[in-house]
There are 4 protein chains.
Amino acid sequence: MSTSTPRRGRASGRREATRQRLFDAALSLIAEHGYDVTTVDEIAERAGVAKGTVYYNFGGKEELYTALLEWGVTRLAETLREAVPPPEEGVDERDSLIRVLRAGVVFIGTHEELARMLMAESWRTNRSWYATVHQLRTEAIGVITGQLEQLAGRGRLRPDLDTDLAGSALFGMVVTVALNWRNLQPERPVEDIHTTLAHMADGLIGPA
Amino acid sequence: MSTSTPRRGRASGRREATRQRLFDAALSLIAEHGYDVTTVDEIAERAGVAKGTVYYNFGGKEELYTALLEWGVTRLAETLREAVPPPEEGVDERDSLIRVLRAGVVFIGTHEELARMLMAESWRTNRSWYATVHQLRTEAIGVITGQLEQLAGRGRLRPDLDTDLAGSALFGMVVTVALNWRNLQPERPVEDIHTTLAHMADGLIGPA
Amino acid sequence: MSTSTPRRGRASGRREATRQRLFDAALSLIAEHGYDVTTVDEIAERAGVAKGTVYYNFGGKEELYTALLEWGVTRLAETLREAVPPPEEGVDERDSLIRVLRAGVVFIGTHEELARMLMAESWRTNRSWYATVHQLRTEAIGVITGQLEQLAGRGRLRPDLDTDLAGSALFGMVVTVALNWRNLQPERPVEDIHTTLAHMADGLIGPA
Amino acid sequence: MSTSTPRRGRASGRREATRQRLFDAALSLIAEHGYDVTTVDEIAERAGVAKGTVYYNFGGKEELYTALLEWGVTRLAETLREAVPPPEEGVDERDSLIRVLRAGVVFIGTHEELARMLMAESWRTNRSWYATVHQLRTEAIGVITGQLEQLAGRGRLRPDLDTDLAGSALFGMVVTVALNWRNLQPERPVEDIHTTLAHMADGLIGPA
DNA sequence: GATGAATGAGGGTTCATTCAT
DNA sequence: CATGAATGAACCCTCATTCAT
């Protein structure tokens, strides 16, 4: 995964390169094996630096992980937001929603590791980073919910639906399907996925 | 412990009771905090037995967890299967599917802990119990997929849909929505949830 | 190894049979893997009894082991003693000594497990059974030393030799050679062993 | 720690010193009480380091022990080899052998702990380090056997003797006598020991 | 900026022993 | 006589963290 520089204005050279290496190493390792099971030693080794360097750059394992989560979910939310067609294009609201969902599928296809990491950690209360994850997750879902509200505003949504509920349903569906696709039938064309999701979304929207 | 029952499977009364206590304790603890973070000490303490008893009865932490997973997903699959109306009742295929989904929601509402445990562990490869989880998960999804195939057989399903894909989409949707419901808006009547899911399912089925 | 009933006048039937089974199981297990590494569970299992039975019959692991040691070294000492020709037979003193050594080799060949157990535990101070082992070992060596003294009394021994020292040298030699024989070249005829030992003994006796 | 030495093998000063402390601590403890009974806690404490340091430096208890064994028997074999007079000195073959045996006695007198450790562990099959011990033991015995072969080449050895067998007999004898000496009669002059062993060796060589 | 040796709290596991049946 | 479920102290090992270099 070729992660682009996470924040910090000018790339301060060596330091920034080290941080990036650590970032990538941690992401791949944690996504594959889980946070608890991944050791700082492993992260340092895969990044090709000494163990102390992790602490010098991130302060600790948990901070590194939190940074990872924030960076990841922020990117997801951004990606979804960018998929929303600007009003001036006059795209149909239903198609707008579909575009957002498609963007979600593509994102997960590209950042599979990140997606797995999020799903694994999303359902546990009592974790020090639960608040962070939850807030960010809500932000991502918010983009979808926003589209649903647009539809509702146009009277294009079934009146007995709660947009929050439906938004989270769509989100869960997108992630589950996309992940199953990558894990179980990666040879399948992405269009099949899009079709399935579009149909389910249309179920929410109701007959035109 | 109670009556006489003299032969094998006899004073197993004691043993079986202990196993059950351990089971319950492990389930609640692991679902809440996660597998890695839960200690054998905690499990034993909550079960009200000594630490060694865990090993006497289950062989180890991992075995206990695996037993938990198997038991859990088996129950889920059973519940879904039982929700399928018997053919002689002549229930409409679409309504059959809806009943299965509703049963899923109800199950998660009742066994929230189990559901969280499953979702947290479902997305990680390279875990020693991945095979177990995956197989069992597939079994549960299989019940949904089975209903979709019935619909397809009747020509009631959109022809461009893959039943496996759609099955996993419905499953992920059910779990996500149900869990969000319990976590975020537990005061909401279960009927709202059912409605949302029914609409999305109808999207798959297409206009009657 | 078909151990004959260790003490206790009349064989009290079931009890004695159980004790014997435990004895044999413990001997083979401990000789092979060592005292610390052998578990009471294993002993009980090999003996075909429940774990509690070990405690009912011997009081504990250490007591069982001590009983084993006592029984074993006593048998060794007895065997060596019985090999000493009675004075009335008028056997040459040198030949008497040789007979004792041969008896030692034969004993070890037959009770290899016991011999290994003794060698492994003989050299450690600070063990609760050190005194027992040491005393018994001394008793066995004493038989050899006794023969050397006979020779010395007849003026048949090199005058600058200490019989205690020489006795333990012979003992160590016998055990080492016999064990190496069984372990490394078991196909070799026992006569080769006897020859080697006889020569070394003759070195102590000096030229006739 | 001391000078500058900037490259690899440099600040290893610290690490090497720690390893040595651990080595010494483990040797004395294990030789006294045995491998199984000695705890890593004790070793660390005697070495004056934290428990984790044992694992950082040796990987585990067993590895530490194996390293100990290798180091020990290598030293023994070296000592014996160095005791063999160089050919140009033209030392008599019988005297050569005697010198090797004396060197063995002296070594054991100096490294009593090591010798006890070796004897205790030499007779058990099925230990993970059995192969190591056995191979090294053979190497040490090999030096003695080598001398016997020299004698045989010169026709100075009884023709009916197997050198391997006789070599192990001498080895066992040396160790047993030396250890008994240190344990039971440490006040005795080393010359007495040498005399006894020389006589027994002469028994093998036969009359000049 | 980076390193890596050292730390020690804490976790999983083993096993001799007890005791109610 | 014998059993086997239960116990808990003690063990080996892991790993996030610190800090002198």
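This is a short talk on how two protein chains relate to each other and how the protein meets DNA strand E. Keep in mind that the model is predicted.

Symmetry to begin with. Take chains C and D. A turn of 180° with a shift of 0.0 Å along the axis lays chain D on chain C, and the RMSD is 0.2 Å. The two copies are thus related as by a two-fold rotation axis. Where does chain D come nearest the axis? At Gly203(D), whose C-alpha is 1.7 Å from the axis. Both copies use the same surface: 100% of the contact residues of chain D recur in chain C.

Now the DNA. There are 34 residues around strand E. Those that come nearest are Thr53(A), Arg14(D), Thr18(D), Thr53(D) and Tyr56(D). By class, this surface has 14 polar, 10 nonpolar and 10 charged residues.

Which helices supply at least two residues each? In chain A, helix H1 (14–33) and helix H3 (51–58). In chain D, helix H1 (12–33) and helix H3 (51–58). Chains B and C each bring in helix H3 (51–58).

What part of the strand faces the protein? Of the strand E atoms within 4 Å of the protein, 70% belong to sugar or phosphate, and the rest belong to bases.

Three contacts to look at on the screen. Tyr55(B) has a polar side-chain atom 2.9 Å from a phosphate oxygen of strand E. Val40(C) places a backbone N or O atom 2.7 Å from a phosphate oxygen of the strand. Gly52(D) reaches a base: one of its polar backbone atoms is 3.3 Å from a base nitrogen of strand E.

Notes:
Residues numbered from 1 in each chain as written. Chains lettered and ligands numbered in written order. Predicted model: local features only at pLDDT ≥ 70, side-chain atom pairs only at ≥ 80, totals over all residues. Heavy atoms only, no water. Least-squares fit on C-alpha atoms with pLDDT ≥ 70 in both. Contact = heavy atoms within 4.5 Å. Near = heavy atom within 4 Å. Polar contact = N/O pair within 3.5 Å; in protein donor to acceptor, adjacent residues only side chain to side chain. Helix = DSSP H or I, 4+ residues; strand = E, 2+ residues; numbered from the N terminus. Nonpolar A, V, L, I, M, F, W, Y, C, P; charged D, E, K, R; others polar.
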